[in-house]
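Here are a few exercises to work through with the model open beside you. Try each task before reading its solution.

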Amino acid sequence: MLQVYLVRHGETEWNAARRIQGQSDSPLTEKGVFQAQQVAERVRNEGITHVIASDLGRTKRTAEIIADACGCEVITDPRLRELHMGVLETRHLDGLTPQEETWRKQMVDGTPEGRIPQGETMNELASRMRQALGDCLNLPEGSKPLLVSHGIALGCLISTILGLPPYAERRLRLRNCSISRVDHQQSAWLASGWIVETAGDIAHLDQPALDELQR
């Protein structure tokens, strides 16, 4: 059985300011760094062998803190990037026009071919995230990888493992520096292949974690 840990990056300046990030970037806040340190302490003794992160700055910084505790190097993989949110990237959530809010909501409300202009569909996001996860099966026997990615990206990945379409209504909350785990296994009582062991665990965080869409 292969166990893969999935971690969302720590809180960023734009999370706190309610700005849309997508594949644009902003640095971790002081709280975000502390959250990453708490993840590191949580997984320090879990036998993590590989730390693989989106190549965006907020995920790389989160991954560096975790990798240092686990004695690993950080490997970057652009397939683990957040959903590209097109013309809405860098915008404040509270300043969107009604048309722009309609585009944004299509990414979370179950619209099958929803796409923000110049951005990605959820189907495109799911394809690259599943490829990145699938490549973990090619790691040496006995590996236990940890992937650092983003909220929408990880939510989409976990949802598809559960059998939902990539564009399904977004109902899985993955807060900053939450930990999820998926396993690739064979079981008499579960479907073969990838299964979800845990999702969105924040027991290691000692402060309420920010959810940028919750106000």
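The exercises below use a predicted model and move from a sheet to a helix and then to a cavity.

**Exercise 1. Find the order of the strands in the open sheet, and work out why β3 and β6 each have one side without a neighbour.**

Step 1. Trace the sheet across its six strands: the order is β3-β2-β4-β1-β5-β6, and the pairing is mixed.

Step 2. Look at the two ends of that order. β3 (74-76) and β6 (193-201) are the edge strands, and each has a single partner strand, so one side of each is left without a neighbour in the sheet.

Step 3. Add the twist: on average, neighbouring strands are turned by 25 degrees against each other, with direction ignored.

**Exercise 2. Describe how β2 is joined to β4 and β3, and decide whether its residues are buried or exposed.**

Step 1. Start with β4. Strand β2 (residues 50-53) runs parallel to strand β4 (residues 145-149), and four bridges join them. Across this pair, H50 is opposite P145, while I52 is opposite L147.

Step 2. Turn to β3. This strand also runs parallel to β2, through three bridges; here A53 has T76 as its bridge partner.

Step 3. Now follow the side chains. In a regular strand they alternate between the two faces of the sheet. In β2, H50 and I52 point one way, V51 and A53 point the other way, and all are buried.

**Exercise 3. Place helix α6 relative to the strands and find how many of its residues are buried.**

Step 1. Locate the helix: α6 lies across β1 (2-8), β4, β5 (179-185) and β6, and runs at about 145 degrees to β1.

Step 2. Check its burial, taking buried as under 20% relative accessible area. The result is 11 of 11 residues, including G151, L154 and I161.

Step 3. Ask what covers them. The buried residues of α6 pack against β1, β4, β5 and β6, and also against α5 (122-134).

Step 4. Look just past the helix, where G163 has a positive phi of about 95 degrees.

**Exercise 4. Which helix gives the largest share of the lining of the second largest cavity?**

Step 1. Begin with the search of the whole structure, which finds two cavities of 30 Å³ or more. The second largest holds about 110 Å³ of space.

Step 2. Of its 14 lining residues, G155, C156, S159, A168 and R170 are the closest to the centre.

Step 3. Assign the lining: helix α6 (residues 151-161) gives the largest share, with five residues.

Step 4. Sort the lining by character: eight residues are nonpolar, three polar and three charged.

Conventions
Residues are numbered from 1 along each chain as its sequence is written. This is a predicted model: local features need pLDDT of at least 70, side-chain atom pairs count only at pLDDT 80 or more; totals for chains, interfaces and linings use all residues. Side-chain values use heavy atoms; hydrogens and water are left out. On a 1 Å grid over the protein atoms alone, a cavity is a set of points where a 1.4 Å probe fits but cannot get out, and a pocket is an open set with protein on both sides within 12 Å along at least five of seven lines; lining residues have an atom within 4 Å of a point. Grid points are joined across faces, edges and corners, and a volume is the space filled by probe spheres set on the points. Helices (H or I, at least four residues) and strands (E, at least two) are DSSP runs, numbered from the N terminus. Ala, Val, Leu, Ile, Met, Phe, Trp, Tyr, Cys and Pro count as nonpolar, Asp, Glu, Lys and Arg as charged, and the others, Gly among them, as polar. Two strands pair if DSSP finds at least two bridges between them. Axes are lines fitted to C-alpha atoms, for helices over the stretch in contact, and angles run from 0 to 180 degrees between N-to-C directions. Contact means heavy atoms within 4.5 Å. Buried means under 20% relative accessible area, exposed over 50%, partly exposed in between (1.4 Å probe, protein chains only).
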